[in-house]
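Work through the exercises below with the model in view. Try each task before reading its solution.

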Amino acid sequence: MKKVHAPNPVNKATLVHEPTRTGLSAGALKQAFLDNLFYVQGRFLEIATPNDHYQALAYTLRDRLLLRWVNTVQTYRESNCRTVCYLSAEYLPGPHLGNNLVNLGVMEAAREAMAELGLDMDGILEHEEEPGLGNGGLGRLAACFMDSLATMQIPAIGYGIRYEYGIFDQIIRDGWQVETSDTWLHFGNPWEVRRPNVSFEIKVGGRTEIYSDDEGRTRTRWVSQDIFRGVAFDTPILGHGVNTVNLLRLWAAEAPESFDFQTFNQGDYAGAVMRKVRSETVSKVLYPNDDADSGKRLRLMQQYFFVSCALQDMLRIHLGTGLPLDKFHEKFAAQLNDTHPTIAVAELMRLLLDCHGMDWDTAWGVTTRTFAYTNHTLLPEALEKWPLPLFQNLLPRHLEIIFEINRRFLDDMRLRYPYDDARIARLSIIDETGTRFVRMANLACVGAFAVNGVAALHTRLLGETVLRDFHDTWPEKFQNKTNGVTPRRFIMLANPGLAGLLSESLGEGWVTDLERLRGLEKFAGDTAFQDRWQVVKRERKANLANFIARTQGIAIDPDSLFDIHAKRIHEYKRQQLNVLHIVALYNRLKQNPGLDIAPRTFIFGGKAAPGYVMAKLIIKLINSVAEVINRDPDIRDRIKVVFVPDYNVKVAQHVYPAANLSEQISTAGKEASGTGNMKFSMNGALTIGTLDGANVEIREEVGAENFFLFGLNAEEVVRAKQSGYRPWDIYRDDQEIRAALDLIGSGLFSHGDRDLFRPLLENLIQQDDYLTLADFPAYAESQNRVGEAYLDVKRWTRMSILNVARMGKFSSDRSIAEYCRDIWRVQAVPVELKR
């Protein structure tokens, strides 16, 4: 039998001055990989599985991150620096391995090392499970911000939940979305470090009691019904080209005791572990279905769970500095990423009042100088409200604190607005109309020192609509911070061909200073440069075509116009408008086979919320239209329709670089910002879009002539609705719209079933909340202009180059720089490697 030896050094001469566990050369990485394969995975190369390869390379990178992490923690501790704490219920970091290879600057060295061992680097990268710890843009923004904070050397901790099951995996069965469990932890997670010594008690339920303390002061004690624990799992977040490694600290729920021996000995074997099961449910799954009361309870418990853990951790860190507790806000700036973490306002008050004996006025002063609030929605129904009975049952002490905050706040407001009861009612943290609710956005506005929107239009509309009363009261609190995305993942990693061309043409400084892309403008009309640009785009389109062929068995033409609509499925994002245009175009081609159009591949991707019936019907319609069009011999591949299932960050890295056209067609005034629009444009896609969210600023930057604008603006949408919008009149009078809707209703796309899509058709014709029919004629006309422009290769390429050249504003580095300057007031703290 062949004897297996521990791995020997690859080349001792080259490793003399470079430790195997921390060196960055191909030789050091190769030796470290073999060591981790042998000593961590317990495998040798000849029998190792793809998962062994991935795990070994991940641990190889993690060693190098931990070196920088330890040095970062030491630097922060010695300087006692002000720290940003980002509180978010969602994070969508994407696969870690590729991003860490890019940020550490060892992608090519790792490729060389793996090639020497006969391993396919791309296969190893593809193997990694993606942490599905978010639902969409909110979580991806949080991940981009963490990347930028580390790259800009800003001391920061990201706090969230370590969901055992993330956002569902989406499979398409007979055209319908089917949700399956996201078992992202099935093979373990090599990037995280469990910290059992960093854990905190979390109370829920019960009642409160009034008592006198040793000094005779009246105090409140929370006597809880149940207690469980939150345990920290730390993931290092490496900045690009720096030694800074910040901390993403996610909390998992555990029972204080995982096994009840007394219950077990009494013969109740299931009951012996029931408390463990009940406690772990809190961090079991991302966003439980909250249609039922039990789902609402679990969701509120999740939000309270992670912010309580975070705040107890922050207090632990602060007290370790020796500074007085009333200086807490000088140590930390805590950003509330939407309303999900807003319970933090009441929880910090509880901790300061009940656990640390602080008086109300001092505690409120600390609290209101600690938190800042980012709003991410203009949809009133998306501003979280919790029924009072639920709140009372789960968090009785917090409800008392919120009542007191509200009493004092409304007393102040009555002095300011003495004859305006309606305004007072709108400002109140408690909604008293009908069933009583706690309004979390109101609590955030009252308890935060700053409130920001995420695009210029969004911020303006916030002040005019859903948060108008707060904006009128405290205009100085409100400011705009337009979102951004990281170019490290979405250009360097996702589009290495473009990244190489940019670095060759502009130098490598653009990676951390995206405004340097302006230097591309001088190449926009250069024929030789345009040729190279087209080669890069064609290669990424071929990559996506291969991905679709491999995963779905559908062949698409890389030379066709890739028209891509990839985002969460929602009526306001108007995938139905896109598919309605596809049906209209199909009608045109059937009636006029000689029609001259640019061959086009329509690509969709996105998930619908499990309980969102209309969104799931839209997915079914897209797939049904695709089934008919793709097998119609009359069309001859002039148009093709594809739905890419299970759209996530990993899939997006194939999609963004391949797009020619980016669909950003939401109803004006509904999208807060959008960040997919930025990722597409950064990779050379042109945008067809409305004046909604960050589209407004993208169009301003890239130039109106390089943006395909259509549709009503936000003010026109409001006026249309106020004047009695009647979609039936449009259906009656517009022949193309009527023909497209009637074709869907005829059963052609549903195997003769005329009722399948009836709910969607009736909604569009009779109600049309998101003005799909109103905007259709302008959308169709703009799509005609897209087709004409694409046939002019030189013009299209010039527009594509200029889109990339003028995207500097939309780096998350710029966003973070503005937060640091205007809200958090924090400075960079460079880290040097000391060992």
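The exercises go from the whole chain to one helix.

This is a predicted model, where local features need pLDDT of at least 70, side-chain atom pairs count only at pLDDT 80 or more, and totals for chains, interfaces and linings use all residues. Residues are numbered from 1 along each chain as its sequence is written, and side-chain values use heavy atoms, without hydrogens and water.

**Exercise 1.** State how many helices and strands the chain has, and judge its compactness.

Solution. Take helices (H or I, at least four residues) and strands (E, at least two) as DSSP runs, numbered from the N terminus. The chain has 33 helices and 22 strands. Next, take the radius of gyration over C-alpha atoms; the globule rule is 2.2 Å times the number of residues to the power 0.38. The radius is 28 Å, close to the 28 Å that the rule gives for 835 residues, so the chain is as compact as a globular protein of that length. Its C-alpha atoms fill a box of roughly 90 × 85 × 60 Å along the principal axes.

**Exercise 2.** Find what share of the chain is buried.

Solution. Buried means under 20% relative accessible area, exposed over 50%, partly exposed in between (1.4 Å probe, protein chains only). Of the 835 residues, 60% count as buried.

**Exercise 3.** Describe the cover of helix H11 and what follows the helix.

Solution. Locate H11 at residues 344-355. Count its buried residues: 11 of 12. Among them are Ala 344, Glu 347, Arg 350 and Asp 354. Then move past the helix: Gly 357 follows H11, with a positive phi near 70 degrees.
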